[in-house]
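Student: Can we go through this one together? I'd like to hear the reasoning behind each label.

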Amino acid sequence: MAQTKYLLFLCAGDRQGLATKIKNAVKQSGMAMSIPMIKFERGRHHQFYLGLAVQVSDPLATVAPPEILQFCRHTGLGRPVGSLVEASEINASFMSGNISWESFNDSIRFESSLADFPDDLESLEARCTRELETGFWDQLLWWCSAQGEASFQLFRQVADLLSGGAETKPWHLMRRLTLQGHIEVDGSSQRMRWCANEPIFVCVSDGRAFLLGRQTPRYLKQVEGILELERFTPNGAPTLINAATSEVLALKSSLASLGISVANNPNRRWVSVLPNWATFVSSLKRDPDVREHSESFRIWDGSDFSPSNPSEAGVGLYEITGQHPSDKRVRLFNGKEWLVGPFYDLQWILGRLCERDMYAVLRADGMLLLPEAERWPLLYERALVLCSGRLPNRFWVGEQSYLGYLSVEPEAAVKLCDNLGIKLKKKETLV
């Protein structure tokens, strides 16, 4: 009687390209193999473990049949690592939880990954349209939840597909999902990656709890079997799933059965451990090769980038273009070094370096307002967003544009402003 065992390989390079290549080769060969898992990469060279499921007639077999080994060598897999192993051995060791090769992170307990992705983007579009009758943002969050983890390039492809080409700034989309706590981004390497967070209900000070992290249509139906959910549909963000804090805390064990944890106002603890602005700046990466590999410099004037002479570069925010026109980077020169980071982070640091009179306003109703041109770095802005789960609204006071964040407790506002070294003004109203 045939039995399934696994042949493990240590690989490096393009995981998706290799997996697709092998998948197609297996289909063409007609051999009794499949690719049920790929372990998340580890190591400096983007290494990962690939598990190839093989049908063997001998339950005691420790070596794959010769024709399968030959197929693997011709396909480019090379030699396997170790001998054939059973599924129970994999699940008890380093391959734990990775049962679906479409997800390179932990398996999604509540719903399988998208079976027709990433090979066929058109099928993904059709499936989103058929199964999720809602807008772009909910479709994007659904895909992130089911995919689990992927590259920035793949995220850009999917965002472009789901928006019909209308969304041309994928980092802005990723930043909003990060601010809301749905995903985490690793921007420390040249090949930026992201992963979806595990689902968690965050209880906040206004008596509500909101769901962040992985969520799909099927999963939310299961949650609705336990809790009474409310939905808030904002502009420029996924639907925010809310429930009463009292119910969430009372049903904590039932939610745990669905893999959902509960955190009671974790923002207070998070705010207490955030670094001051000088420590934050010292942790940023430096770029030592700006002048050597740059063709043109453009300096930020507060509204746009304008031409600048690189030999006369002073303290400022610069858009730097390399030899290829598509090679554009934004860097902050502090007078000694070139700092690397997201645009809004560097723009804010520039304001501090220039000793601008930066401030925030806390209204009596708990809304914190920041001048839009002084938007905080992502690390600190995220603390404001997670006070309510909602992205800021934009307000105008005369000719001044502000960003308003809801349900910010006075203690959090004071601590954050102290860390950032800016003034906190308290007013009954402002807008």
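What follows is a chat about the labels used for this structure.

Tutor: Keep in mind that this is a predicted model. The chain has 15 helices and 21 strands, and of its 431 residues, 49% count as buried. Residues 24 or more positions apart account for 63% of the contacts with a separation of 6 or more.

Student: Let's start with helices. Why are α5 and α7 called roughly perpendicular to each other?

Tutor: Helix α5 (residues 136–147) and helix α7 (residues 170–179) pack at an angle of about 75°. Angles of 65 to 115 degrees count as roughly perpendicular, so the label fits α5 and α7. Their axes are 12 Å apart.

Student: Which residues make that contact between α5 and α7?

Tutor: From α5 you have Phe-136, Trp-137, Leu-140 and Cys-144, and from α7 Leu-173, Arg-176 and Leu-177. By class, the contact of α5 with α7 has 6 nonpolar, no polar and 1 charged residues.

Student: What makes α7 and α14 oblique to each other?

Tutor: Helices α7 and α14 pack at an angle of about 55°, with their axes 9 Å apart. An angle under 35 degrees would be roughly parallel, and roughly perpendicular begins at 65. The value for α7 and α14 falls in neither range, so the pair is oblique.

Student: Which residues meet there, in α7 and α14?

Tutor: Arg-175, Thr-178 and Leu-179 in α7 meet Leu-378, Glu-381, Arg-382 and Val-385 in α14. Sorted by class, that contact of α7 with α14 has 3 nonpolar, 1 polar and 3 charged residues.

Student: What makes Glu-381 and Arg-175 a salt bridge?

Tutor: The closest N and O atoms of Glu-381 and Arg-175 are 3.0 Å apart. The cut-off is 4 Å between a side-chain nitrogen of Lys or Arg and a carboxyl oxygen of Asp or Glu, so this pair qualifies. Glu-381 is in helix α14 (residues 378–385) and Arg-175 in helix α7, 206 residues apart. Both Glu-381 and Arg-175 are buried. Arg-175, Arg-375 and Glu-381 are linked in a network of salt bridges.

Student: How many salt bridges does a search of the whole structure find?

Tutor: The search finds 15. One of them joins Arg-193 and Glu-149, with the closest N and O atoms 2.5 Å apart. Arg-193 lies in strand β6 and Glu-149 in strand β4, so the pair ties together parts 44 residues apart in sequence.

Student: How do you know whether Arg-193 and Glu-149 are buried or exposed?

Tutor: Buried means under 20% relative accessible area. Arg-193 has 9%, so Arg-193 is buried. Glu-149 is at 1% and therefore counts as buried as well.

Student: What is Lys-423 called, with a relative accessible area of 48%?

Tutor: Partly exposed. Exposed starts over 50% and buried is under 20%, so 48% puts Lys-423 in between. The side chains of Lys-423 and Asp-357 meet in a salt bridge (3.3 Å, N to O). Asp-357 sits in the loop between α13 (343–353) and β17 (359–363), and Lys-423 in strand β21 (residues 423–427), 66 residues apart.

Student: Back to β4 and β6. What order do the strands of that open sheet have?

Tutor: The sheet has 3 strands in the order β4-β6-β5, with antiparallel pairing. β4 (149–151) and β5 (183–186) each have a single partner strand, so one side of each is left without a neighbour in the sheet. The twist averages 20° from one strand to the next.

Student: How do you know that β5 and β6 pair?

Tutor: Pairing needs at least two bridges. β5 and strand β6 (residues 193–196) have 4, in the antiparallel sense, so they count as a pair. The bridge partner of Asp-186 is Arg-193 in β6.

Student: Which helices pack on that sheet?

Tutor: Helix α6 (residues 152–162) touches β4 and β6, and its direction makes about 95° with that of β4. Helix α7 touches β5 and β6, with about 125° between its direction and that of β5. In α6, the buried residues include Phe-152, Phe-155 and Val-158. Just after α6, Gly-164 takes a positive phi of about 65°.

Terms used: Residues numbered from 1 in each chain as written. Predicted model: local features only at pLDDT ≥ 70, side-chain atom pairs only at ≥ 80, totals over all residues. Heavy atoms only, no water. Axes fitted to C-alpha atoms, helices over the stretch in contact; angles between N-to-C directions. Helix = DSSP H or I, 4+ residues; strand = E, 2+ residues; numbered from the N terminus. Parallel < 35°, antiparallel > 145°, perpendicular 65-115°, else oblique. Contact = heavy atoms within 4.5 Å. Nonpolar A, V, L, I, M, F, W, Y, C, P; charged D, E, K, R; others polar. Buried < 20%, exposed > 50% of the residue type's maximum accessible area, 1.4 Å probe, protein only.
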